[in-house]
Amino acid sequence: MDAQFIELTAGNVAFLLIVGFIGGLVSGFIGSGGAFVLTPGMMSMGVSGVVAVASNLCHKFPKALVGARTRHKFGQVDVKLGLVMAASAAAGVWVGAGVMEAVRRDYGEAGSSLYVSAAFVVVLTLVGLFVLRDALQAMRSAPDADSDRETTHRFARWVQSVEIPGTMMTFHVAKIRVSALFTLPLGFATGLLASTIAVGGFIGVPGMIYLLGATSLVASATELVIAFVMGLFGTLRYAMSGYVDIRLAMLILLGSLFGIQLGAIGTTYVRPYMIKLVTAMIMLIVAVSRALLIPVYLGELQFLGLAEPVARLLKGASFACMVAALAVGALIILGAMIGGRQLPKEPYTD
Amino acid sequence: MNDDASKPWGKLIATGTVTATLYALLFAFEKDVMASFTRTDGLYPLLPVVAAFAFSLSHGAFTGYFWDALGVKARPGAQQQSDNAGAL
């Protein structure tokens, strides 16, 4: 084990608690592990990419279990779909962790941070734009109560129409019937991403919505089952190399468990397109935050000549973007909950 | 709506005490904990997993009672919203 661990100061502890709470709030709401704000948060404190990912996976799996139980009470979790996806996701985690360790071995801490950041930028930008477009279409096309009615994406309808004998599976809560040949690669890719940036939900949730045809509520809730399994396997995998900082993991857990339960409750106060809108906005802001740091890491690896004041400016701008992402997410979710509590206590089926 | 007597104050205090104790032990023995939890031989890699479960169990229960005590609950009709969305 040659991982470097940071000294914890009072400021670091306070920062982790706040980031943990807001990250938990967002994760309970959108169904991802929430680590897409927690991993960059840790890295901004000087934690290396691999330790940040490993520690986030460690904090994530028990949190995902709590979130899954809460959402299961609301009838939103398809346990069978979650476990089927998790089986191949576990394999993806194992492979992805091996790649991460190889990058760190060959290119050091800066290389590992560059690898994590580049993965964040690519995935968050692509998925964020796609989800944003979908959310905006849903908002524009049905402004009345019927806007709650989600339509199955065209590609998902095609996937559901493909009959491959011996591989078809029915998922009753999600109300879909698809071939396992579609769920297996989707789960593997989810696991691969989880071991790279500690967030698999950015493939898993949109994948279940747009590829398999699950609704956003069921997809985000079911993702918590997958996140639990991936986090457990990922923690073990990274712990076998000594990369888990249990102090960071438990401090993040302390704040985020308050947030995740509030976020999960928040999903019962909003319309489904609102979840997509919040997801997209946070993804895109965090993508900008990570993109700003790529020249800094390239400079540390001597691939790019970068003056120290410029590097400091980029780090500051990146941190400000991340704080903005957290604030936007927290304000929208809490605002929707407060607004929802003032509405008549009737379901949205009116 | 919960009245004050029906709120889970006892469970809140009990789980809060256990959680606080776990965190106190983690940071009181920080160096020893870090030395053990980053060992890669034998069954040591299981330590972070076991610890995460233990902390989550007590702290997860505590936060649940915490929001209950504050009266923050899911919106009535949430089940129907979920069923409605899932049918489409």
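Start by selecting helix α7 of chain A, residues 201-212. The buried residues here are G201(A), F202(A), I203(A), G204(A), V205(A), P206(A), G207(A), M208(A), I209(A), Y210(A), L211(A) and L212(A). That is twelve of twelve, so the helix is largely enclosed by the rest of the structure. Keep in mind as you click around that this is a predicted model. Step just past the end of α7(A) and you land on G213(A), which takes a positive phi of about 95°.

**A second enclosed helix**

Now pick α2(A), residues 35-44. Nine of its ten residues are buried, so α2(A) too is largely enclosed by the rest of the structure. Colour A35(A), F36(A), V37(A), L38(A), T39(A), P40(A), G41(A), M42(A) and M43(A) to see the buried set. Just after this helix comes G46(A), with a positive phi of about 105°.

**Into the core**

Next, go for the largest nonpolar core, which has 131 residues. Which of its members touch the most others? Select A89(A), F228(A), M230(A) and V286(A). The element that gives the most to this core is α4(A), with 20 residues.

Stay on A89(A) and show its neighbours. Leaving out residues up to four places away in sequence, A89(A) touches G187(A), F188(A), T190(A), G191(A), A194(A), G200(A), I226(A), V229(A) and M230(A). M230(A), in that list, is another of the residues that touch the most core members.

**Helix against helix**

Two packed helices are described by the angle between their axes and the distance between the axes. Try that on α4(A), residues 79-141, and α10(A): their axes come within 7 Å and cross at roughly 150°. An angle over 145 degrees counts as roughly antiparallel, and that is why α4(A) is roughly antiparallel to α10(A). The crossing of these two helices is left-handed. Colour the contact of α4(A) with α10(A) by class and you get 17 nonpolar, four polar and three charged residues.

Keep α10(A), residues 272-291, on screen and add α8(A), residues 216-239. Here the axes come within 9 Å and cross at roughly 55°, which makes α8(A) oblique to α10(A). To see the contact, select S216(A), L217(A) and S220(A) on the α8(A) side, then P272(A), I275(A) and K276(A) on the α10(A) side. These residues divide into three nonpolar, two polar and one charged.

**Across to chain B**

Follow α8(A) over to chain B and bring up α3(B), residues 46-70. The two axes come within 8 Å, crossing at roughly 140°. That makes α8(A) oblique to α3(B). On the chain A side, the contact is made by L232(A), T235(A), L236(A) and A239(A); across from them, pick P48(B), V49(B) and A52(B). How many charged residues are in the contact of α8(A) with α3(B)? There are none: the split is six nonpolar and one polar.

While you are there, show chain B on its own. Chain B has four helices and zero strands, running α-α-α-α from the N terminus on. Of its 88 residues, 26% are buried.

**A stop at I22(A)**

Back in chain A, zoom in on I22(A), which lies in α1(A), residues 10-30. Is I22(A) buried or exposed? Buried, with 26 other C-beta atoms within 10 Å. Not counting residues up to four places away in sequence, I22(A) touches G259(A), L326(A), G329(A) and A330(A). For a sense of scale, draw a distance from I22(A) to K315(A): 293 residues apart in sequence, they are 21 Å apart in space, C-alpha to C-alpha.

**Two loops to finish**

Most residues other than glycine have a negative phi, and most peptide bonds are trans. With that in mind, select K175(A), which has a positive phi of about 60° although it is not a glycine. You will find K175(A) in the loop between β1 (168-171) and β2 (176-179) of chain A. K175(A) is partly exposed, with 18 other C-beta atoms within 10 Å.

Last pick: Q302(A), in the loop between α11 (294-300) and α12 (308-341) of chain A. The phi of Q302(A) is near 65°, again a positive value in a residue other than glycine. Q302(A) is exposed, with 8 other C-beta atoms within 10 Å.

Conventions
Residues are numbered from 1 along each chain as its sequence is written. Chains are lettered from A and ligands numbered from 1 in the order in which they are written. This is a predicted model: local features need pLDDT of at least 70, side-chain atom pairs count only at pLDDT 80 or more; totals for chains, interfaces and linings use all residues. A residue is buried if 20 or more other C-beta atoms lie within 10 Å of its own, exposed if 12 or fewer, and partly exposed in between; C-beta atoms are placed from the backbone. Axes are lines fitted to C-alpha atoms, for helices over the stretch in contact, and angles run from 0 to 180 degrees between N-to-C directions. Angles under 35 degrees count as roughly parallel, over 145 as roughly antiparallel, 65 to 115 as roughly perpendicular and the rest as oblique. Two residues are in contact if their C-beta atoms, placed from the backbone, lie within 7 Å. Ala, Val, Leu, Ile, Met, Phe, Trp, Tyr, Cys and Pro count as nonpolar, Asp, Glu, Lys and Arg as charged, and the others, Gly among them, as polar. A crossing is left-handed if the near helix is turned anticlockwise from the far one by less than a right angle, and right-handed if clockwise. A nonpolar core is a set of buried Ala, Val, Leu, Ile, Met, Phe, Trp, Tyr and Cys residues joined through C-beta atoms within 7 Å.
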